[in-house]
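Please consider the sequence and the three-dimensional structure shown here together. The explanation below is intended to be read with both in view.

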Amino acid sequence: MSYSPGTGTAPTPNPTPGRKAQIRLGVRQGIRRGIHGFLWIARILVPVSLAVALLDWTGWLYALDPVFSPVMALINLPPQAALPIISALFSSFYAAVAMMVVIPFTHAQFVLVVIFISIAHMVVVEGLIQHKAGINGVAITAVRLFAAAVAVYIASQFLPGTEIPVVMPDSLGERPPLTGALLAWTMSSLRLMLKILVIIVSVMIVLETLRVLGLTDRIAAIFRPFMVVLGLSPNVATMWVTGAFFGIIYGSAVIVEESVSGRFTRDELTRLHISLAMSHSMVEDPALFLALGIGLQWTVVPRLLAAALAVQFYRLFHAASTRFRPRPQEQAL
């Protein structure tokens, strides 16, 4: 505590040595865990993104267009909407957005595509992360695709005429040289890796510092009432906040390590991952689309509703399967 006599200045408390040591410990642990999480996600993201980039360059990725086009008709989207959706599913969220800006969609069509890719994007990478965290990657990917389709179909009932085809620009059919495509992939991957490293390490430093200071539970308690609304256990508030604010990729270090820590039941984790599959990255993605003229009522509300409903459907299914499951004495007979 410092004080200058005669100045009238009130004593200014200084952090105690114990608190300073706790903060340094939190920073060190956060850096270590952040780098560990970054290296793990890089081992998944780099080869997957390279494979998708090569498929994109060859044009084979868009060979899936005839498969997706009939599905587009079922959810009242034009066949051309399959291209940005395929790109979002297998490539990257931003690649899909860049394509959407070029294709002359109507505002209503743009809104529907935004809803779909907000719920279901980068399903390979994010599915692998969630699989690592303890939930079946194939199952959670199927849930995301189904939820995205249902959300788009419901929203289309309020936006008539969305199924009308659009004219594709000739520039989308152009294919750059392989060296150019690989250079573009390398630069975009380096930027993405740097961004992931900075965010993961920063998030882990903050969370580890809060943990050693004993503040994690207090902050998580603020969001616990909201967990009840979403059908989640209050115990998973920290993981949900991390995924909802930073996304599955950027929050992977926290989500994976907490999921395998043994502190949560399988039911708590299953409900969490179902919710996060649809309601992650609720800051960056809506902000991007808000800049493109798409309001939060289309980028936030449908995702939260889909997450809450999906969790409730799971709980009903789980309760029904438990109720009708043969008891041990019945199995013995």
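The paragraphs that follow treat the nonpolar core, a pocket, several single residues and the aromatic pairs of this predicted model.

The interior is a suitable place to begin. The largest nonpolar core comprises 92 residues, and those with the most contacts inside it are Leu-77, Ile-117, Val-125, Ile-196 and Trp-240. Helix H5, which spans residues 107-119, supplies the largest share of this core, namely ten residues. Ile-196 shows how such contacts reach along the chain: when residues up to four places away in sequence are not counted, Ile-196 touches Phe-38, Ile-41, Leu-45, Ile-249 and Tyr-250.

The residue that follows in sequence is Leu-197, which is found in helix H8 (residues 178-212). Leu-197 is partly exposed, with a relative accessible area of 28%; this value places Leu-197 in the class between the limits of 20% for buried and 50% for exposed. The C-alpha atom of Leu-197 is separated by 7.5 Å from that of Gly-34, although the two residues are 163 residues apart along the chain.

Attention may now turn to the second largest pocket, which has a volume of about 840 Å³. Its lining consists of 30 residues, of which Val-143, Ala-147, Ala-306, Leu-309 and Ala-310 are the closest to the centre. At least two lining residues come from each of helix H7 (137-156), helix H12 (266-279), helix H14 (296-299) and helix H15 (301-323). Among the contributors, H7 gives the most, with ten residues. What is the make-up of this lining by class? The lining has 23 nonpolar residues, together with five polar and two charged residues.

A polar side chain elsewhere deserves a closer look. Gln-130 is placed in helix H6 (residues 123-132). Is Gln-130 buried or exposed? Gln-130 counts as buried because its relative accessibility is 2%, and the limit for that class is under 20%. Apart from neighbours within four places in sequence, Gln-130 is in contact with Ile-135, Ile-140, Ile-248, His-273 and Ala-277.

The aromatic residues offer another view of the model. A search of the whole structure finds four aromatic pairs. One of these is formed by Phe-93 and Tyr-94, with an edge-to-face arrangement, 5.7 Å from centre to centre and 80 degrees between the planes. Phe-93 counts as buried at 5% relative accessibility, whereas Tyr-94 is partly exposed with a relative accessible area of 40%. Phe-226 and Trp-240 form another edge-to-face pair, at 5.4 Å centre to centre and 70 degrees between the planes. Phe-226 lies in helix H9 (residues 216-229) and Trp-240 in helix H10 (residues 237-250), so this pair ties together parts that are 14 residues apart in sequence. Phe-226 is partly exposed, with a relative accessible area of 30%, while Trp-240 is buried, with a relative accessible area of 5%. In addition, Phe-93 and Tyr-94 form one aromatic cluster with Phe-289.

Finally, the backbone merits attention at two loop positions. Asn-76 is found in the loop between helix H2 (65-74) and helix H3 (82-90), and Asn-76 has a positive phi of about 60 degrees although it is not a glycine. Met-122 is found in the loop between H5 and H6. The phi of Met-122, also not a glycine, is positive at about 45 degrees, and Met-122 is buried, with a relative accessible area of 13%.

Notes
Residues are numbered from 1 along each chain as its sequence is written. Side-chain values use heavy atoms; hydrogens and water are left out. A nonpolar core is a set of buried Ala, Val, Leu, Ile, Met, Phe, Trp, Tyr and Cys residues joined through side-chain atoms within 4.5 Å. Buried means under 20% relative accessible area, exposed over 50%, partly exposed in between (1.4 Å probe, protein chains only). Helices (H or I, at least four residues) and strands (E, at least two) are DSSP runs, numbered from the N terminus. Contact means heavy atoms within 4.5 Å. On a 1 Å grid over the protein atoms alone, a cavity is a set of points where a 1.4 Å probe fits but cannot get out, and a pocket is an open set with protein on both sides within 12 Å along at least five of seven lines; lining residues have an atom within 4 Å of a point. Grid points are joined across faces, edges and corners, and a volume is the space filled by probe spheres set on the points. Ala, Val, Leu, Ile, Met, Phe, Trp, Tyr, Cys and Pro count as nonpolar, Asp, Glu, Lys and Arg as charged, and the others, Gly among them, as polar. Rings of Phe, Tyr and Trp (its six-membered ring) pair if their centres lie within 6.5 Å; planes under 30 degrees apart count as stacked, over 60 as edge-to-face and the rest as tilted.
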